[in-house]
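Colleague: Hi! Could you walk me through this model when you have a minute?

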Amino acid sequence: MVPVMRATMLSLCVLAACASPPAADPCKGAVADAGGQWQVLDFQQMPNMLFGVWGRAAGDVWAVGAAAKSHPDFGAQLLHWNGQAWSRVKTPAQAALMWISPGQAPASWWMAGATGQIVHMVDGKQELQQAPSTTQLWGIFEAAPNDIYAVGGYGSCVPGECGGVIWHSTDGKTWQDAGVPEALRKQALWWKVFARSAKDVWVVGGVTGATSAILHFDGQVWTSVPVPTHDSIFTIHGNDKLLVAVGGGTDAVLLENEGNGFHPAVVQGLAQPPGLGGVFVPADGHAVAVGRNGLVLRRCDGVWQPDTAGVLEAGD
């Protein structure tokens, strides 16, 4: 899951952008809508890896990651950015947290991770929950009030025989199988879930180097969606008009869906970009995808191209 780790690192870069000098927009030559120049934050003092980041505002950003051996009392990593500085927040989760996403309520957050841990945080108060199995969870998302999905899987497998899990909660406290037909559920390990409503839920995954998989739930039936690639898909996000799914290993998977199915997107100026691990599609403005080797892509006027506004290589 190196692409996910690097994607998180690059996603965090935007947080430093708020206080940085304006950077040229790679699409229009105007000031970048991220608010400034990309910077790589100092990870030298980070006790372990970060895997997920999400923010509701420039002064309310959360990041999650692996447990820090040097700070056992704090459990997994949960960090908060208040617009000025990062702070470590104690969490009941003892193993790595892999993803965080906002709930429907203004101060609600959902986190999921290793050993099937699920954490629900409301107004800063955290409740530790447990999925029906200890299978590692990589994604969680609240589709509607009291309508939450968590997905995961671990290890390697043969497509059709995978132990991927898709859990569902209707009360925000207890979890059960989401009712995905076994033939669909076992075709992949599941990395992320995203929903535009309770009747528009998307789950992405795959088996690295072997197959891609996308499932859709319309509120009644789960279906497998045709995918024009054969490498794992790590993340999906979208708005009312556009869905973007990203993944891949050495080479990127970058798929778009504007209501007519998923199709590969072309990156202007890059014949074959490296693997991607994260994507965010705002309601308005430019979609951004991030990945290996410090790559940041921005979508403007339907065209993807590299955003080189001060980005350093992830290995630097």
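Modeller: Happy to; we can go through sheets, turns and cores in turn. Keep in mind that this is a predicted model.

Colleague: Great. In what order do the strands of the open sheet with β5 come?

Modeller: The order is β5-β6-β7-β8, so named along an open sheet of 4 strands with antiparallel pairing. At the edges stand β5 (97–102) and β8 (125–130), each with a single partner strand, so each has one side without a neighbour in the sheet. On average, neighbouring strands here are turned by 20 degrees against each other, direction ignored.

Colleague: How many bridges join β5 to β6?

Modeller: There are 5 bridges between β5 and β6, and the two run antiparallel. As for a specific pair, S101 stands opposite W110 in β6.

Colleague: And what sits between β6 and β7?

Modeller: A loop between β6 (108–113) and β7 (117–122), and T115 lies in it. T115 isn't a glycine, yet its phi is positive, about 60 degrees.

Colleague: Is T115 buried, partly exposed or exposed?

Modeller: T115 counts as partly exposed because its relative accessibility is 39%, and the partly exposed class runs from 20% to 50%.

Colleague: Which other non-glycine residue has a positive phi, of about 55 degrees?

Modeller: That would be D301. D301 is in the loop between β23 (296–300) and β24 (303–306). With 68% relative accessibility, D301 counts as exposed, since the cut-off for that is over 50%.

Colleague: Switching topic: what do β15 and β16 form?

Modeller: A hairpin, with 4 residues between the two strands. In the turn, G219 has a positive phi of about 95 degrees. The strands themselves, β15 (residues 211–217) and β16 (residues 222–225), run antiparallel and are joined by 4 bridges. One pairing to look at is I214, whose bridge partner in β16 is V225.

Colleague: Now the inside. Which residues have the most contacts within the largest nonpolar core?

Modeller: Those are I118, I140, I166, W222 and F262, in a core of 55 residues. As a general point, nonpolar side chains tend to be buried together in soluble globular proteins.

Colleague: What is W222 in contact with, leaving aside its neighbours within four places in sequence?

Modeller: Its contacts include Y149, I166, A178, V201 and V203. W222 also touches G179, V180, P181 and L184, and then L215, H216 and F217. Apart from that largest core lies another one, of 14 residues, including V244, V246, A252 and L254.

Colleague: Lovely, thanks. I'll look at those on the screen.

How values were computed. Residues numbered from 1 in each chain as written. Predicted model: local features only at pLDDT ≥ 70, side-chain atom pairs only at ≥ 80, totals over all residues. Heavy atoms only, no water. Buried < 20%, exposed > 50% of the residue type's maximum accessible area, 1.4 Å probe, protein only. Pairing = 2+ DSSP bridges. Axes fitted to C-alpha atoms, helices over the stretch in contact; angles between N-to-C directions. Core = buried A, V, L, I, M, F, W, Y, C linked by side-chain atoms within 4.5 Å. Contact = heavy atoms within 4.5 Å.
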